[in-house]
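Hi everyone, thanks for making time this morning. Let me put the structure up, and then we can walk through it together.

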Amino acid sequence: MNISGAFFRPEKGCAEMSKVIKFSQLAFHIALPLAAGGISGILVPGGREAYAAIPKPPFSPPALMFTVLWAVFYALMGVGAYLAAASGQQRSRLALKFYYAQLGLSVIWAAVFFQFYLYTLGVAVIITQWVLLCAAIMLFSLLHRFAPLLLMPYALYITYAAYMNMGAAMLSR
């Protein structure tokens with residue numbers, strides 16, 4: 001199936017992109033962050049109970065909100081990663097390395113924070129994840145104009161999660 005239009009039009013300075021959506025690659029890029037979320041869920045059995053047990057700073061959302069937001073954010077990130085990968089540019093490999101590294105750190109952070117309650121270590125992990133995510137966003141912006149925008153909601157969420165993590169670290173002292 002050939003789907004083309006402004007969304008898939010190559011930008012100035014970008015290599016010619018295929019105007020055909022490769023659904024298997026799109027599915028892979030969406031499934032990967034969703035799988036990372038699933039692994040996080042396995043590593044943190046009883047996630048809602050774990051969330052209830054942590055000291056929370058002001059403006060902490062209800063636990064159910066995380067489940068819904070993660071699924072949406074991860075799907076958006078997967079589409080962004082697909083667009084970056086589909087750009088066909090050599091530098092997409094570097095961009096995807098930063099993206100995959102931050103995705104791996106999201107799994108590690110969930111275990112450190114929710115399973116082991118190591119809040120100070122969690123701050124270090126999530127800040128490192130945030131830096132890698134920002135690098136991926138900057139590199140994605142060189143590959144496709146919409147790819148970085150699809151990572152921005154997750155970047156805002158990670159910023160908020162870092163605030164919550166820092167709050168938990170301070171409140172648990």
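I'll talk about confidence, then two backbone angles, then the spaces inside and on the protein.

So, to start: this is a predicted model, and the chain averages a pLDDT of 89. Of the residues, 89% score at least 70. Where among the helices is confidence highest, and where is it lowest? The top one is helix 5, residues 119–141, with a mean of 98. At the other end is helix 2, residues 47–53, where the mean is 85.

Please keep an eye on the beginning of the chain. Across residues 1–10 the pLDDT stays under 50, although the model does place 25 contacts there beyond four places in sequence. Residues 12–18 are also below 50, and that stretch has 16 contacts in the model beyond near neighbours in sequence.

Next, the backbone. Which residue in the loop between helix 2 and helix 3 has a positive phi without being a glycine? That is Phe59, with a phi of about 70 degrees. Helix 3, by the way, covers 63–85. Is Phe59 buried or exposed? Exposed, because its relative accessibility is 73% and the cut-off for that label is over 50%.

Tyr117 is another non-glycine residue with a positive phi, near 55 degrees. You'll find Tyr117 in the loop that joins helix 4, residues 92–115, to helix 5. The relative accessible area of Tyr117 is 36%, so Tyr117 counts as partly exposed.

Now for the inside. How many cavities of 30 Å³ or more are there? The count is 2. The largest has a volume of about 80 Å³. Its lining includes Trp70, Tyr74, Trp109, Tyr154 and Tyr157, and also Gly37, Ser40, Ser106 and Gln129. Helix 1 (23–43), helix 3, helix 4 and helix 6 (147–171) each give two or more residues to that lining. If you sort the lining of this largest cavity by class, you get 7 nonpolar and 4 polar residues, with no charged ones.

The second largest cavity comes in at about 40 Å³. Here the lining is Phe66, Trp109, Phe113, Phe114, Tyr157, Ala161 and Met164. Helix 4 and helix 6 each supply at least two of these residues. By class, the lining of the second largest cavity has 7 nonpolar residues, no polar and no charged. If some names sound familiar, Trp109 and Tyr157 line the largest cavity and they line the second largest cavity too.

Last stop, the largest pocket. Its volume is about 330 Å³, and 16 residues line it. Which of them lie nearest its centre? Those are Gly41, Gly47, Phe66, Thr67 and Trp70. At least two lining residues come from each of helix 1, helix 2, helix 3 and helix 4, and helix 3 gives the most, with 6. The classes in the pocket lining are 10 nonpolar, 5 polar and 1 charged.

Before we stop, have another look at two residues. Trp70 is among the residues nearest the centre of the largest pocket, and Trp70 also lines the largest cavity. Phe66 is likewise one of those nearest the pocket centre, and Phe66 helps line the second largest cavity.

That's my tour, thanks for listening!

How values were computed:
Residues numbered from 1 in each chain as written. Predicted model: local features only at pLDDT ≥ 70, side-chain atom pairs only at ≥ 80, totals over all residues. Heavy atoms only, no water. pLDDT = per-residue confidence, 0-100. Helix = DSSP H or I, 4+ residues; strand = E, 2+ residues; numbered from the N terminus. Contact = heavy atoms within 4.5 Å. Buried < 20%, exposed > 50% of the residue type's maximum accessible area, 1.4 Å probe, protein only. 1 Å grid on protein atoms, 1.4 Å probe; cavity = no way out; pocket = protein on both sides within 12 Å on 5 of 7 lines; lining within 4 Å. Points joined across faces, edges and corners; volume = space filled by probe spheres on them. Nonpolar A, V, L, I, M, F, W, Y, C, P; charged D, E, K, R; others polar.
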